[in-house]
Amino acid sequence: MADVIQMPGVAEQLKLIAGLRWNLLKNSLQRKNNRWDLIGIILAAGGSAMMVLGLCVAFYMGAYFFLTRNRASWMSLLFWAIFLWWQAVPILVAGFGANFEFRNLLRFPLSLRAFYILGLGYGFADFAAASSLCWIASMMVATAVGRVQLLPVMMLASLLFILVNVTLERLIGSWLEKIFANRRARELLVGLFVLSMVSMNFLNPALQRWGDYGTRPKIVHLVPYLSWLPGTLVGNALAAASDANSQALLLTVGGLLVWLGATSGLLWLRYRAQYLGEELSETAAPSAGKRGPRRQAASSVLPGFLSPPVAGVMRKEFHYLTRNGFSFITLILPPVMVMFFSMQFAGSNSQIKEHGLSPQAFFPAVMAYLILILLSPAYNSFAFEGHGIQSYFMAPVCMRDILVGKNLFLVCVVTFELAISLGVLIWRIGFPGFPLFLSTIAAAAFAVTGQLTIANWSALSFPKKMEIGKMKGQRNSGVAVWTAFGVQILIGGIATIVLLAGRWFGSSWLPVVVFVGLTAAALGGYVASLDPLSTLAERKKELLIETLCR
Amino acid sequence: MNEIAIRTEQLTRRFGALTAVDCVDLRVNAGQFFGFLGPNGAGKSTTIKMLTGLLAPSSGRMELLGLDFQRNPIDVKRQIGVVPEGMGLFERLTGSEYLHFVGRMYGLDGVTTEKRTAELLEFMQLADREKTLIADYSHGMQKKLALAAAVIHGPRILFLDEPFEGVDALAAGALKALLGRMTERGVTIFLTSHVLEIVERLCSHVAIIHQGRLVAQGSLEELRAGIPGTEGEKKTLEQIFLSIVGQSGGEQARLEELTWLT
């Protein structure tokens, strides 16, 4: 029989968990890197506090204006803004990553009630909730100053609104946790998210082309249905109180209570499922799978002159690209961006018509932009290796083979993407003439070969781990970003000078010759850099292994 | 005289002020099944990492199959296979893709790699998971795959860091049989494990590292002979280990403090 005589109360459990969180934070600062992070956190916290305080003033002024001008129902706008902030920010901050920290508490002997209350406590502890509470408080002050007789209704409606928000946010979070526990679902959603962000770019051109400003926008027809959502209900409750309409007041407060009942009930069911041991593991059961015919190895279609390690790395890079939803979708970006830019800034169909850029200016500018996007992963090319990085150092190969394999694969991808984008460019804005076409291609070759050497150095010196299917924290290290930025500005500057020199001397073929020469020089530099980079890799292997296997 | 497979001289690795491995002199003959033991944090994994090229030593010398590691890293790596701590797998490849990748990295031709990949997957009972990503493998399956990758090129020395951890009894039996056959053919196996019964059953020779220093090395009989005890009593490896690292009897005193539990 265990010695546990009496379970700690909910308040005691909350205190214990708050203490646990504090100790975790305190202990994490003992690491030097985390102390640097702390400075970043303090700076970010200062900026966030300024934003929250600034918006407190805005919410105060908005609420005061609506209430004193007898437009209490317009308070809905302010509550809608808070509602959207409260619900959307936690999802974006979670970054499509499964977060099991809260569920981990289940290994302790907690009651379901305590687990539920702890869940709500976690809900109040995030930034979106804290800032929303500040803004609601500032609106209450505005009510007390502007229309004190509405304060009791404001307090009641706000309380219900807060409870609805926190339970809804936890409910959504709990469902997302369940969905994101599955790797494939996580990757698919990240892909859809990126696609939806890209699609936003086309909203304006689409509205310009197909928008009908003679009639009311269709979205206006949706407004009456919004009146049954929490943000509008709070505004309507205040309007009813302002008009002394007790029936409408009861109806709106009742509406908020129904929302609270529904979200609380559904959240209870979700937490109950977790409490009873819901299985979120995605590890496949060890049952026998169906064995399909063996596929032909991809390396068998690779050119025979490649050494086995280089071919092996290229094949591995291909598999990783096709299994990384985010990277795979970014391959759609270049031709899509060419379409977008040409709709906006150039060609006969552009929105700015005769003010559009000429093909002579547009062609090299778009190519430079595409190279900027496509070469960026090279500056952290080991990001997704994870524990696999050890394989490179255990195998009897020089790092030069690994780098060549990775670079060759990237060059293939860039060539493929640029070819498609060039096709789209020619279709949209016309052929710019042979000299400019060839000089653009030669400049692209120079930009790619020129960058690869520095990119390899950056990848070995400033690695940063990334994980497929996650968005939070998935970026190159700061030094790698600035290195890429500096190199791209330098190469862009050189290319611009060469193109302008061609115009200055009146020779349209001069840039082609210069860029071919620069490419040859950059290629020579690249080949010469491979052995020193192998030596560097040997020196940096502990950093690479520690960073990527963490 | 036996060929020496692994020889280290004054092998040392420091991390700042901490000396994780301190002047270790190892001798492992070719064809030995060698167990490398030590308590947590003793320096086992650091030593294995140095011997396999994952970590550079601060000082000292390593010679594998007569080749100086620092001078001939590629030639040495060509002849060794490793299951490192963390297993070193590319999780976004399938099992067969990973084995194919490793085969190519060791310079095997495409046909040989394909053949050995199929045979190893079959032996490790992973063939029915050909299209499953390694990320979706269980821990035991990942371990079996890491072992398959370590032997695909037919190494002469095999380094195994906790090879049986998480592997089920059936698979462990098959793996032990495989490793036994490999030593019969002259392959040297250098193994670390916390399960002393496994080491005792498999290994002919053992070294014990404690606080970074090599405190014992030799055949099991030699180590037994060095431990005082009753005449004729055959000491287990656990008794030898506890006696050498100075923990014997200490746990009894500590247990007595836990009166509420015992």
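Me: What's the strand order of the open sheet in chain B?
Reply: The order is β7-β8-β9-β4-β10-β11, so to speak a row of 6 strands with mixed pairing. Strands here are DSSP runs marked E of at least two residues, helices are H or I runs of at least four, and both are numbered from the N terminus. Two strands pair if DSSP finds at least two bridges between them. Keep in mind that this is a predicted model, where local features need pLDDT of at least 70, side-chain atom pairs count only at pLDDT 80 or more, and totals for chains, interfaces and linings use all residues. Residues are numbered from 1 along each chain as its sequence is written, and chains are lettered from A and ligands numbered from 1 in the order in which they are written.

Me: Ok, which strands stand at the edges?
Reply: Those are β7 (80-83) and β11 (213-219) of chain B. Each has a single partner strand, so one side of each has no neighbour in the sheet.

Me: And what does the twist average?
Reply: From one strand to the next the twist averages 15°.

Me: How do β8 and β9 of chain B run?
Reply: β8(B), residues 157-161, and β9(B), residues 188-192, run parallel and are joined by 5 bridges. For instance, B:Leu160 has B:Leu191 in β9(B) as its bridge partner.

Me: Which helix packs on that sheet?
Reply: Helix α1(B), residues 44-51, packs on the sheet and touches β4 (33-37), β8, β9 and β10 (205-210) of chain B. Touching, or being in contact, means that the C-beta atoms of two residues, placed from the backbone, lie within 7 Å. The direction of α1(B) makes about 150° with that of β8(B). Axes are lines fitted to C-alpha atoms, for helices over the stretch in contact, and angles run from 0 to 180 degrees between N-to-C directions.

Me: What do β1 and β2 of chain B form?
Reply: A hairpin, with 2 residues between the strands. β1(B), residues 4-15, and β2(B), residues 18-24, pair in the antiparallel sense over 4 bridges, and B:Leu11 stands opposite B:Val24. B:Gly16 in the turn has a positive phi of about 65°.

Me: Switching to chain A: how many helices and strands?
Reply: Chain A has 20 helices and 0 strands.

Me: At what angle do α17 and α20 of chain A cross?
Reply: Roughly 115°, with the axes coming within 8 Å. That makes α17(A) roughly perpendicular to α20(A) (65 to 115 degrees counts as that, under 35 as roughly parallel, over 145 as roughly antiparallel and the rest as oblique).

Me: Which residues meet there?
Reply: A:Met399, A:Arg400, A:Leu403 and A:Val404 in α17(A) meet A:Leu530, A:Asp531, A:Leu533, A:Ser534 and A:Ala537 in α20(A).

Me: Is A:Ser381 buried or exposed?
Reply: A:Ser381 counts as buried because 22 C-beta neighbours lie inside 10 Å. The cut-off for buried is 20 or more other C-beta atoms within 10 Å of a residue's own, with 12 or fewer for exposed and partly exposed in between; C-beta atoms are placed from the backbone.

Me: Where is A:Ser381, and what does A:Ser381 touch?
Reply: A:Ser381 is in the loop between α15 (359-375) and α16 of chain A. Leaving out residues up to four places away in sequence, A:Ser381 touches A:Lys406 and A:Ala459.

Me: Last one: how many residues of chain A are in contact with chain B?
Reply: 37 residues of chain A are in contact with 36 of chain B. The largest share of chain A's side, 8 residues, comes from α12(A).
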